[in-house]
Amino acid sequence: MKFVTSAVAALSLATCTTSAFLPSLTQRNAPQTTELFASRKPFISGNWKLNPQTREEAITLATEISEGITSASPESDVALFVPYVFIESTMNACDGKYFVGAEGVCPEMKGAFTGAVSASMLNSIGVQWALAGHSERRVIFGESDEYINGQVLKLLDMGMSCMLCIGESLAEYEQNLVGSVCAVQLKKDLAGVSKEQMSRVAIAYEPVWAIGTGKVATPETAQNVHKTCRAVLAEMFDDDVADSTRILYGGSVTPDSIDELMAQEDIDGVLVGGASLDSTKFNRIINFQA
Ligand code: PEP
């Protein structure tokens, strides 16, 4: 079975002891990720990108999202990846109910890298998760697989967790290159990562043609790619890593598509851009029914 939904959340809400309801200032005290990943706990995440425009708006949105996580919600991990400047305000507003992560990290730890933010800086304010390899970083900011690999290794070396985004372009999709593009990205971006460290990695499969376009991949297409990615992980590491790594789908996920996506055997969660900026939509996604 892929995952279980349960009423454990009710207890969690009262005691703040499970990962879905972490005290905001002690996010690093979460249960060991190995433990969480063993059952491929569902993982619902949002990526705010260059939004919202003010700290006040960020706090309002973060608060509304936290209010949508109740004792009736599925027992999932929830994370919001937010702009650096909003991380601490969002942590304060999240009521300990979700992880607040960074949208990226510099692979260097210190020195003359103007504008960069290191894993150590993030770690020191209690950030546990960061994105790496988002297609907007690859395409707009020219981040290479080598650079992304550096980010992944640095986060893991700091004891942090990483959500690695991979996915093909429209041209690659049309040329039937989905499997090979994902395999190459997984191999290059996870080079040097140990089996043990993989317990702190989640993969987000995000076809570039589906991001922000309103074109969501069909659940069957996404399921097939996720299965292929799992086979690549088995080849790179072993069956245990392949079976325990959470693979999320991202690309125009909405309240209309979430339930069917989450019902797929190899889809363990979602990374949501646009809909994570609307608390009503994102809360419906968090409260998926599968
Ligand atoms: C994303 O930014 O990772 C994403 C999936 O965006 P959207 O949901 O808007 O397609």
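Helix α7 makes a good starting point: its 13 residues (145–157) should span 18 Å at 1.5 Å a residue, and its end C-alpha atoms are indeed 18 Å apart, so the two values agree. The expected span here is 1.5 Å times one less than the number of residues in the helix. Helices (H or I, at least four residues) and strands (E, at least two) are DSSP runs, numbered from the N terminus. Residues are numbered from 1 along each chain as its sequence is written. The model is a predicted one, in which local features need pLDDT of at least 70 and side-chain atom pairs count only at pLDDT 80 or more, while totals for chains, interfaces and linings use all residues.

Within α7, the buried residues are Ile148, Asn149, Gln151, Val152, Leu153, Lys154, Leu155 and Leu156. A residue is buried if 20 or more other C-beta atoms lie within 10 Å of its own, exposed if 12 or fewer, and partly exposed in between, with C-beta atoms placed from the backbone. The buried residues of α7 pack against α5 (119–124), β4 (129–132), β5 (161–166) and α9 (178–189). Just after this helix, glycine 159 takes a positive phi of about 85°.

One of the partners of α7 can be followed through alanine 119, which lies in helix α5. Alanine 119 counts as buried because it has 25 C-beta neighbours inside 10 Å. Its contacts, leaving aside neighbours within four places in sequence, are Val105, Lys154, Leu155, Met158 and Met160; a contact means that the C-beta atoms of two residues, placed from the backbone, lie within 7 Å. Alanine 119 and lysine 154 are 35 residues apart in sequence, yet 6.7 Å apart in space, C-alpha to C-alpha.

The chain as a whole has 13 helices and eight strands, and buried residues make up 48% of its 290 residues. Among contacts between residues at least 6 apart in sequence, 73% join residues at least 24 apart. The largest nonpolar core has 81 residues, of which Ala130 and Leu164 touch the most other members. Such a core is a set of buried Ala, Val, Leu, Ile, Met, Phe, Trp, Tyr and Cys residues joined through C-beta atoms within 7 Å. Not counting residues up to four places away in sequence, alanine 130 touches Gly101, Ala102, Gly104, Val105, Leu122, Leu155, Met160 and Cys162.

Some backbone details also deserve a look. Most residues other than glycine have a negative phi, and most peptide bonds are trans. Lysine 49, in the loop between β1 and α3, has a positive phi of about 55° although it is not a glycine. Lysine 49 is partly exposed, because 17 other C-beta atoms lie within 10 Å. Proline 52 is found in the loop between β1 (43–47) and α3 (55–67), and the peptide bond leading to it from asparagine 51 is cis, with omega near -20°. Asparagine 176, in the loop between α8 (170–174) and α9, has a positive phi near 65°. With 9 C-beta neighbours inside 10 Å, asparagine 176 counts as exposed.

Finally, the confidence of the prediction: the mean pLDDT of the chain is 89, and 87% of its residues reach 70 or more. pLDDT is the predictor's confidence in each residue, from 0 to 100. Over residues 4–38, pLDDT stays under 50, and the model has 64 contacts beyond four places in sequence for these residues.
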